[in-house]
Amino acid sequence: SSDEHKLNFRKSKEACLSYIQDALLQKQWKRAAEFLTCYVESLEKDYSREHIGPSEVIWRIGTEIFYHSQSSMKEFNYFMEQMKTLGVKRYLKVCLEHIFHLLCNGQIDEAYQNLSLAESWRFGEQTAVQDKEMKLIQAYRGLLDYYSWSKQKNILLEHGEDGFSDLAVEQEMHGYFRKAAVNLKEIIKIPGVWDIFVKCYVDLLEFYGDHNEAHQVLNEYAYNSKFPANPNAHVYLYQFLKRQGESKKTLISALKILHDIVPSHELMIDFNTMLQKSKKRKKRRMGLEVIFAALDYAGWKENAKAWSCLARQVKQIVISGKHLDWIKQEWSSRKDWWPAFHFSRYLAKRNWQENKSLSYEKALVAGILLGKDCKYFKYVSHQGCKAQLKRFRMLKKFVNRHNPAYLRISG
Amino acid sequence: MGGAAGGCLLRPGPALLTAGPGGGGRGPARPLGVGRCSVSAGDVAPAAPRPGPAELPGPSTHAGVSGNHFVFNLSLSLSGLSGKKRLLRAFSHCRDFNERCPQCSEVNWGLTDGGRFYCRSCHNVTERSREVVNTDFITNSRVQTISKGSRKQEKNDGGCEWYICEGFQLVLKKQVEALEALGVCPQMKDEILCNFWRCYLQKSKQAYCKRPAGETVKALSVCESSTDVDSDPERPSLLHLLSLSESEGDLQTDCSFVSSVSKVSESTSVCSGSVDGSLYLMKNQKEKLRMTMPMTLSFCYMALLWVREPITLSELLRFVVEGHIPYLNVFQHFPENMRLCGLDLKIFCVESWPVYEEVFNKMHELAAFLDLPRFPDITESCFLHPDMLCMKYLMEANLPDELHNWTCRVVKKTGIGEVDFLTLMPGNKSTRKVKYDVLAAAVIIVVLKLLFLLDDHYEWLLSGFAEERNKNNTEGGPYFEFKKWYEVVKHSLDVEQKKLDEERAKYLWRCEKPLFYSVKNKSKVLKRRQMVVNLQNQFGKLSGSVQRAEKPNPSSFQLRWSEENTDGSCFHGHSLKGILQEKHGLLTAMNPDYWLCTVKLCNEKLCGHLAHYREVEFPQSYHFVLGLFSFLLRIQPSYIHDEVCMIEHKLFNKKLSKKLKYNRVLRK
């Protein structure tokens with residue numbers, strides 16, 4: 001049992017590591033650095049084949065401490081160079097981390113230099129094993145090339161306004177395009193979430209008029225089942241299609257998938273607007289579903305635009321007298337929680353104080369869904385009348401007149 | 001019972017053992033007369049004559065300068081001479097016999113029983129006999145070494161040949177010098193430890209004896225054979241070396257030994273910087289008591305005990321951990337050309353703190369192995385006597401001086417203060433080995449149990465009474481309040497424990513001179529070392545503390561309480577009135593009860609413990625007190641608990657045998 005309590009190198013370093021972790025959790029960077037100073041000794045005994053050995057621990061924790069400490073980039077670069085020599089197995093990961101740090105500090109040129117260096121790294125089998133990281137390195141270099149391209153483009157556009165063109169700058173710009181395009185194209189072939197790369201690549205393609213390629217890239221990114229589900233992929237596709245002036249039908253089908261993945265997405269307003277305008281009943285009905293679903297989310301609670309969409313459609317249905325069952329169906333699953341969620345007296349008071357038009361739209365919806373006696377409607381219409389606002393008086397009249405609709409919905 | 005007078009001597013001063021140049025620091029700070037007896041030549045005799053005057057350079061060497069100082073000689077003469085010769089010269093002062101054989105012109109001499117040199121290549125016996133050198137050595141000297149005149153004195157890498165025992169000798173030298181600097185008596189080194197060591201070398205057949213022929217040669221051949229022989233024509237071939245061996249019958253075993261070694265570590269060549277490193281580790285040396293790093297501390301402790309220095313084992317080990325005595329990385333003090341590599345690392349590279357039990361047990365094994373006689377008596381005036389140590393620990397635990405009367409009574413009643421109980425008699429298996437420090441701590445705990453019961457109830461009750469009395473009482477010393485004491489000590493203990501835990505986590509294990517297993521990975525190791533230093537500098541800057549805290553001055557006391565502090569945190573002068581009552585002119589405890597830690601003791605020899613300590617089964621107060629002493633002695637609470645049980649059983653022996661069938665609570 002004395003062995004159990006015997007302090008040896010390993011136990012001492014384990015204890016040291018747990019002190020470091022405690023300090024990190026409490027954001028005591030100096031204290032963490034102090035213990036790390038003692039922990040680095042474990043490098044000298046790093047024969048372990050464990051998944052995460054001391055050298056990896058030192059790299060990860062050391063980077064974190066540097067990130068939170070007031071130290072010069074020179075010191076950090078020196079640290080990173082040492083970490084690179086320490087582990088060939090994660091060489092490119094360390095390079096990437098270093099590059100992010102440089103980018104965060106606005107050192108674009110240094111970052112580019114490091115990317116080029118990392119790209120030319122060769123270390124026997126290790127180079128092949130770290131193939132994915134290499135692709136990332138190349139992609140980020142592509143990204144920085146895109147950045148340069150974009151800068152040149154802006155210079156040209158400015159000069160263009162003066163009716164003056166510079167052939168050399170243009171040539172340089174095209175050079176950047178080629179370098180960027182090659183690397184960006186590569187990375188987005190691999191399944192993954194590559195939003196930034198895709199956006200830049202599409203931007204390049206569009207600038208040079210290659211809309212087919214751009215469309216294909218975005219389609220692939222959005223619909224290839226090997227890629228992880230990614231709402232942004234559909235957003236980018238929708239935005240592209242919109243820029244291209246594609247038909248409503250195409251736009252709607254793009255947004256339909258987005259609605260399935262993220263019913264609370266901000267594009268649901270556009271979606272609802274499009275659907276409401278549709279001549280097909282089915283689509284109009286879907287529009288109602290979409291706006292109801294969006295308002296299930298707290299993020300939309302005080303969005304006047306969303307409420308006006310709902311109010312408009314509800315009003316339309318009530319006036320026409322047709323399809324009240326649509327509302328009834330949507331309402332049935334919400335009537336036990338929406339009143340507390342949206343239509344409390346407290347919210348009525350606050351909405352009235354903060355945003356009159358929001359409270360108007362909401363009151364209309366509340367009046368129809370819950371009847372003229374509901375707290376929200378009563379408070380807002382009362383306040384509106386008191387303030388002698390015409391549209392609130394109209395609102396009161398409208399709700400009173402259509403009280404039977406409420407009865408049909410709730411019944 | 002002498003509590004007050006003794007207490008003065010042991011007040012926590014700046015350092016009980018001040019580190020001064022030489023013995024200079026041993027003046028006023030030292031508790032004169034406590035525990036240290038004067039060491040005369042007569043006292044130390046056992047180390048020399050034990051093995052018999054004919055075998056050791058006994059009494060004559062004892063008087064001679066060179067014999068006494070061989071510890072020095074070794075390191076001073078390291079450069080230039082080959083390891084074997086050095087050793088030989090140091091031990092025996094004999095001259096080399098380097099002449100070529102007139103018959104075959106080899107230099108490969110052995111000694112006949114008649115003391116004459118004979119050539120082991122052609123078996124030609126010369127007229128030369130050892131009488132020329134020293135008759136004492138005819139039968140005992142390491143004859144083999146004479147024949148190694150042809151061996152190269154320096155290896156190719158600039159390192160010299162050296163033996164493991166030389167390494168340990170250097171370690172011991174460094175350690176004893178550090179002890180000297182801490183203030184132990186200067187004779188300890190040359191007269192005590194040196195003789196113990198010589199005795200060990202002889203008993204373990206490493207020197208002063210007839211060696212099993214060819215042993216070292218074989219070790220060497222093993223070493224050589226594992227490297228690429230062909231590439232180095234300068235080196236003698238394996239076959240050539242084996243032919244030097246006299247007992248070729250052992251060849252088989254040696255070969256299997258080589259293969260087993262290479263299985264252990266295939267990636268690195270099994271080699272050692274020392275000549276006999278591999279042999280040292282591989283050979284079954286059960287009968288020899290192989291030297292290890294913890295055993296160097298056993299040697300030190302044994303010498304300290306012999307001269308009855310006022311240092312306990314727990315203190316010695318604490319000084320080691322605090323870096324006052326070389327232990328970890330001690331190899332960095334080896335001379336430049338004494339290269340360590342391969343298996344030497346396994347022997348000299350330490351990666352854990354020394355453990356009390358291990359050093360303690362090895363010391364007793366060693367004393368028995370060396371056939372040492374009964375150690376000098378531990379009498380009442382010795383520091384290691386429980387009455388003395390109790391005084392020290394009472395003070396360190398911030399307990400009232402008055403308790404010393406009670407510890408003395410317990411010591412007397414149980415007989416653990418008897419000279420025969422306390423004095424070490426090597427090899428006597430019938431007596432229990434005494435851990436002086438643990439014993440004293442246990443006595444204090446028993447006294448606390450006697451007076452306060454420590455059942456998580458009675459001690460608080462008494463504390464309440466004392467508090468009431470202190471409110472009304474303004475004259476004289478205050479009554480001892482257990483609660484206040486607990487709060488004060490607990491706070492300090494927590495702070496110190498936290499500090500210690502952090503120190504353990506921050507402990508730096510490596511030194512500037514890194515070791516490498518083989519020359520192959522030397523550059524890699526050096527690079528790593530450089531990187532570690534760089535990173536340490538970088539994060540040192542980030543932490544804002546580049547300077548590492550300097551090691552504390554060595555002190556016997558870890559917790560300090562001063563009566564000069566007016567915050568009332570010192571309880572030394574507090575009175576036990578209220579806890580005691582007078583009966584027939586004798587003070588007895590108010591507390592009539594006592595609980596035993598265990599009714600039946602275990603067999604220590606069979607299960608390793610007298611008792612078994614499980615925290616949850618005992619009162620919190622008891623656990624706290626154990627924890628306090630566990631911190632002070634830096635040993636596990638269970639070891640103190642064992643000792644408490646032992647004392648209890650001695651104390652209540654009569655009642656126990658009568659009342660065993662009743663419950664655990666005994667009436668006094």
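Visitor: How many residues does each chain bring to the contact between chain B and chain A?

Guide: Contact means heavy atoms within 4.5 Å. Chain B brings 34 residues and chain A brings 39 residues. The model is predicted: local features need pLDDT of at least 70, side-chain atom pairs count only at pLDDT 80 or more, and totals for chains, interfaces and linings use all residues. Residues are numbered from 1 along each chain as its sequence is written, chains are lettered from A in the order in which they are written, and side-chain values use heavy atoms, with hydrogens and water left out.

Visitor: What area do chain B and chain A bury between them?

Guide: The size of an interface is often given as the accessible area lost when the parts come together. Buried area is that loss (1.4 Å probe), summed over both parts. Here it is about 3,500 Å², 59% of it on carbon and sulfur atoms. Q538(B), F539(B) and L542(B) supply 20% of the area that chain B buries against chain A, more than any other three residues.

Visitor: How many salt bridges are there between chain B and chain A?

Guide: A salt bridge puts a side-chain nitrogen of Lys or Arg within 4 Å of a carboxyl oxygen of Asp or Glu. The count is five. E502(B) and R31(A) form a salt bridge at 3.0 Å, N to O.

Visitor: Which kind of aromatic pair do Y140(A) and F197(A) form?

Guide: Rings of Phe, Tyr and Trp (its six-membered ring) pair if their centres lie within 6.5 Å; planes under 30 degrees apart count as stacked, over 60 as edge-to-face and the rest as tilted. The centres of Y140(A) and F197(A) are 5.2 Å apart and the planes are at 80°, so the pair is edge-to-face.

Notes:
Buried area = accessible area lost by both parts, 1.4 Å probe.
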